[in-house]
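Please open the structure in a viewer and keep the sequence alongside. The tour below proposes a selection at each stop and states what is to be found there.

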Amino acid sequence: MGKFDGVLLASDFDDTLYTQDGVLPDANRRAVEYFVSEGGYFTVATGRAHPTFAPCAHLVPINVPVVLSNGSALYDFRADYMVYETFLPLRVAEDMAQVAARFPALGFEAYHGDDIYAYNPNLVTENHLARSNSSCICCPIANIPLPWNKAILQQNNGLLRQVQNDMLSRWSEHYEVIFSNEVLLELTRKGSNKGGMVRYLADLLGVTSQHIYCVGDNQNDLPMLEIAAVGFAPANCADEVKKLGVKRLCPCEEGCIAEVVEFLDRRY
């Protein structure tokens with residue numbers, strides 16, 4: 001028996017557990033190792049899909065399934081199987097064709113299985129794929145096979161804000177449209193978000209709501225921060241996260257997950 005038995009800690013990956021420069025701070029690694037050794041359940045809840053997160057799954061001792069694609073998938077990397085997955089409605093190709101016509105500078109990635117398709121790729125697309133060491137298939141929207149697990153809309157923040165408002169004003173009953181950073185606007189099925197999937201995982205594990213803890217830095221983390229017994233965020237988090245009133249930590253680079261584990265060490 002460990003002091004963290006029955007406790008679930010879910011962390012965002014990029015810019016929270018893992019720095020913008022692609023480094024896992026030693027403090028974070030040691031903290032997660034300690035948390036797991038004392039019986040805690042540790043997972044990552046990320047916007048990354050299976051093909052872009054898989055190379056990173058070994059970086060820390062994740063001991064329960066991982067929340068992928070902003071809550072569209074739950075994957076067990078230890079057993080190598082998909083626990084649960086949702087898909088965008090089949091109308092998404094037609095809807096995205098309309099969006100692309102309204103905003104010609106917009107580019108996006110669509111995820112079908114383990115394949116990444118890109119429409120009108122731009123510098124954001126290139127940087128995003130390079131950071132995850134991934135490749136894509138460039139093609140017209142009509143040639144992207146269905147279903148899509150998720151899509152990532154890519155351009156400057158001003159244009160993406162317009163796209164977000166446009167899509168939510170017309171199709172909010174079909175989609176979650178939420179930022180994972182300033183130049184990545186994530187599209188998933190309505191109801192598929194990090195909060196819903198973290199709760200689903202907690203139910204599978206038998207973890208009660210008062211023992212769920214989450215940490216994240218951006219708009220796509222809000223749903224899981226809202227369902228946590230205590231939510232945490234690195235110091236350099238997005239304004240929307242600051243307004244939520246979560247516990248603020250040191251910057252990601254200084255090992256903010258270590259601060260979370262220190263808090264839990266005192267609490268339990």
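**First stop: the parallel sheet.** The model shown is predicted. Begin by selecting E1, E2, E12, E13 and E14, which form an open sheet of 5 strands in the order E2-E1-E12-E13-E14, with parallel pairing. Strand E2 (41-44) and strand E14 (247-248) are its edge strands, and each of them pairs on one side only.

Within this sheet, select strand E12 (residues 212-215) together with strand E13 (residues 230-233); the two run parallel and are joined by 3 bridges. Which residue of E13 stands opposite Cys214? The residue to pick out is Gly231. As background, strands of a sheet pair through backbone hydrogen bonds, either parallel or antiparallel.

**Second stop: the mixed sheet.** Next, select the strands from E6 to E11, which make an open sheet of 6 strands. The order to trace across this sheet is E8-E7-E6-E9-E11-E10, and the pairing is mixed. E8 and strand E10 (175-181) stand at the edges with a single partner strand each, so one side of each has no neighbour in the sheet.

Is E10 largely enclosed or largely open? Of the 7 residues of E10, 6 are buried, so this strand is largely enclosed by the rest of the structure.

Now add E11 to the selection of E10. The two strands run antiparallel and are joined by 6 bridges, and a hairpin connects E10 to E11 through 2 residues. One pair to display is Glu176 with Thr188, its bridge partner in E11.

Then move to E9 and strand E11 (residues 184-189), an antiparallel pair with 4 bridges. Here Gln154 can be shown opposite Leu184 in E11.

**Third stop: backbone details in the loops.** Most residues other than glycine have a negative phi, and most peptide bonds are trans. Three places in the loops deserve a selection against that background.

- Select Leu146 and Pro147: a cis peptide bond joins them, with omega about 0 degrees. Pro147 is placed in the loop between strand E8 (137-138) and strand E9 (150-154).
- Select Asn70, in the loop between strand E3 (66-68) and strand E4 (73-76). Although Asn70 is not a glycine, its phi is positive, at about 60 degrees. Asn70 is buried, its relative accessible area being 3%.
- Select Asn120, in the loop between strand E7 (115-119) and helix H4 (123-131). Asn120 is likewise not a glycine and has a positive phi of about 50 degrees. With 30% relative accessibility, Asn120 counts as partly exposed.

**Last stop: the whole protein.** Finally, select everything and colour by secondary structure: the protein has 9 helices and 14 strands. Its radius of gyration is 18 Å, close to the 18 Å that the globule rule gives for 268 residues, so the protein is as compact as a globular protein of that length. Taken along the principal axes, the C-alpha atoms fill a box of roughly 55 × 35 × 35 Å.

How much of the protein is buried? Buried residues account for 56% of the 268 residues. With the surface displayed, the exposed area is about 11100 Å², and carbon and sulfur atoms supply 49% of it.

Among contacts between residues at least 6 apart in sequence, 59% join residues at least 24 apart. To close, colour the charges: there are 21 positive and 33 negative ones, and their mean positions are 5 Å apart.

Notes:
Residues are numbered from 1 along each chain as its sequence is written. This is a predicted model: local features need pLDDT of at least 70, side-chain atom pairs count only at pLDDT 80 or more; totals for chains, interfaces and linings use all residues. Side-chain values use heavy atoms; hydrogens and water are left out. The radius of gyration is taken over C-alpha atoms; the globule rule is 2.2 Å times the number of residues to the power 0.38. Buried means under 20% relative accessible area, exposed over 50%, partly exposed in between (1.4 Å probe, protein chains only). Contact means heavy atoms within 4.5 Å. Accessible areas come from the Shrake-Rupley method with a 1.4 Å probe; for residues, only the protein chains shown count as cover. Lys and Arg count as positive and Asp and Glu as negative; His and the chain ends are not counted. The place of a charge is taken as NZ of Lys, CZ of Arg, CG of Asp or CD of Glu. Two strands pair if DSSP finds at least two bridges between them.
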